[in-house]
Amino acid sequence: HRVLAALYETGFLKHWIQQNHDSLPQKAGFPQNHLNEIHGSLHDPANPIVPYEGSLRGDLFREMELWKQESDLCLCLGTSLSGFSVDSVAEHAADKVARGQGDLGLVLVNLQQTPYDD
C-alpha cells in the first residue's frame, strides 16, 4: 500500500480501484479523491459495504468505467479476478494491447492463478 501511495506521489499511478474494505490505501497516504472503493468501506459511512449479491453505487461504477477507458496500464495486485464487475478493468487493459490499441496492458501479481495468466 505504501509503494502504491509512493507511485501516486511520483506521478506513476493515477487511480486505485479498491475491492477490500480495510482502508489500508488511506492509511498508506493514498488520496481519497483518486481511490474508488467500489465494494464499500468499513470506515466511510457514506459508502456502505455492498453485499455479495448487492448493487454497486452508480457513481462509483461510472467512475470505474471512465478510469477503465482512460488507463494505459492496469496493475492487478492480490486478486484472483474471479467474476466481480471490477474484473472488466483488467480484461479491457489486456484486450487493448491484443487489438494493438495500447502498449502497456495488464500486470498481474497474485499468489493464485487467474483467468488471465496465459
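**Notebook: cysteines and cores**

I went looking for disulfides in this predicted model and came away with a count of 0. What about Cys-74, then? I checked its nearest cysteine sulfur, which belongs to Cys-76 and sits 3.7 Å away. The cut-off for a disulfide is 2.5 Å, so Cys-74 is in no disulfide. Coming from the other side, Cys-76 finds the sulfur of Cys-74 at 3.7 Å, and Cys-76 is in no disulfide either.

Next I asked myself: are these two buried or exposed? Cys-74 has a relative accessible area of 9%, so I put it down as buried. Cys-76 comes out at 8%, which also counts as buried.

Then I pulled up the nonpolar cores. Both cysteines turn up in the largest one, which has 10 residues. Besides Cys-74 and Cys-76, I listed Ile-38, Leu-60, Met-64, Leu-81, Val-86, Val-89, Ala-90 and Ala-93. Which elements give two or more residues to this core? I noted helix 3 (58-70), strand 3 (73-77) and helix 4 (87-98). Helix 4 gives the most, with 3 residues.

I also looked at a second, separate core, which has 6 residues. Among them are Leu-4, Ala-5, Leu-13 and Trp-16.

Last lookup: what does Met-64 touch, once I leave aside its neighbours within four places in sequence? I got contacts with Ile-38, Val-86 and Val-89, three names that are also on my list for the largest core. The rest of the Met-64 contacts are Ile-17, Asn-36, Ser-85 and Ser-88.

Methods:
Residues numbered from 1 in each chain as written. Predicted model: local features only at pLDDT ≥ 70, side-chain atom pairs only at ≥ 80, totals over all residues. Heavy atoms only, no water. Buried < 20%, exposed > 50% of the residue type's maximum accessible area, 1.4 Å probe, protein only. Core = buried A, V, L, I, M, F, W, Y, C linked by side-chain atoms within 4.5 Å. Helix = DSSP H or I, 4+ residues; strand = E, 2+ residues; numbered from the N terminus. Contact = heavy atoms within 4.5 Å.
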